[in-house]
Amino acid sequence: MKVDQRHATSKLISGYIIDNLRDPRFEVTPAFVMAEMQKLHGLDIGYHKVWRAIQRASALIRGTPEENYELLSSYLYMMKSKNLGTYTNIKTDDNNRPVIVVDATFLKSNYCGVLMISVTKDADNQIFPLVFGIAS
């Protein structure tokens, strides 16, 4: 039976794993952290506590979504000033959420390129793809 350690808080655990999160060689999953804490310190830590520790450490490194959203307007301003002709616009719904989201990922097969997608939420609050494309 696994006993959760009361004094090993998610804040304490996040301090141990923050360097692993910064290192791209490690895939920091709850199972990885649980095994590391058992191996290094002999502690049986519960899944949810480890998950909260990973979230806390990620926020320390990358910032929270709220903090990053606050930087969006200054980022778009810099894009427009450095790349003449760039058009940017931010629209939000009643809950102050972005209406359209654009994302991209690199394709790592024989057909290298970038897959780009734009999505929004429909009336049922479900993700709805608007457009996608592949660029080389």
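Q: Which class, nonpolar, polar or charged, has ten residues in the lining of the largest pocket?
A: Happy to start here, with the reminder that this is a predicted model. The lining of the largest pocket includes two polar residues and one charged residue. The class with ten residues is nonpolar.

Q: Which element gives the largest share of the lining of the largest pocket?
A: Two elements, helix 5 (72–82) and strand 1 (100–107), each supply at least two residues of that lining. The largest share amounts to three residues, and they come from strand 1.

Q: What volume does the largest pocket have, and which residues lie nearest its centre?
A: Let's take the volume before the names: the pocket has about 490 Å³. Its lining counts 13 residues. Those that lie nearest the centre are L72, N89, I100, V101 and V102.

Q: How are helix 1 and helix 2 oriented, roughly parallel or roughly perpendicular?
A: The axes of helix 1 (residues 10–22) and helix 2 (residues 30–41) come within 11 Å and cross at roughly 110 degrees. Angles of 65 to 115 degrees count as roughly perpendicular. Therefore helix 1 is, relative to helix 2, roughly perpendicular.

Q: Is the crossing of helix 1 past helix 2 left-handed or right-handed?
A: Here is a quick one about the same pair. As helix 1 passes helix 2, the crossing is right-handed.

Q: How many residues of the contact of helix 1 with helix 2 are nonpolar?
A: Helix 1 contributes I13, Y16, I17 and N20, while helix 2 brings F32, V33, M37 and H41. Two residues of this contact are polar and none is charged. The nonpolar residues number six.

Note on methods
Residues numbered from 1 in each chain as written. Predicted model: local features only at pLDDT ≥ 70, side-chain atom pairs only at ≥ 80, totals over all residues. Heavy atoms only, no water. Axes fitted to C-alpha atoms, helices over the stretch in contact; angles between N-to-C directions. Helix = DSSP H or I, 4+ residues; strand = E, 2+ residues; numbered from the N terminus. Parallel < 35°, antiparallel > 145°, perpendicular 65-115°, else oblique. Left-handed = near helix turned anticlockwise from the far one by under 90°. Contact = heavy atoms within 4.5 Å. Nonpolar A, V, L, I, M, F, W, Y, C, P; charged D, E, K, R; others polar. 1 Å grid on protein atoms, 1.4 Å probe; cavity = no way out; pocket = protein on both sides within 12 Å on 5 of 7 lines; lining within 4 Å. Points joined across faces, edges and corners; volume = space filled by probe spheres on them.
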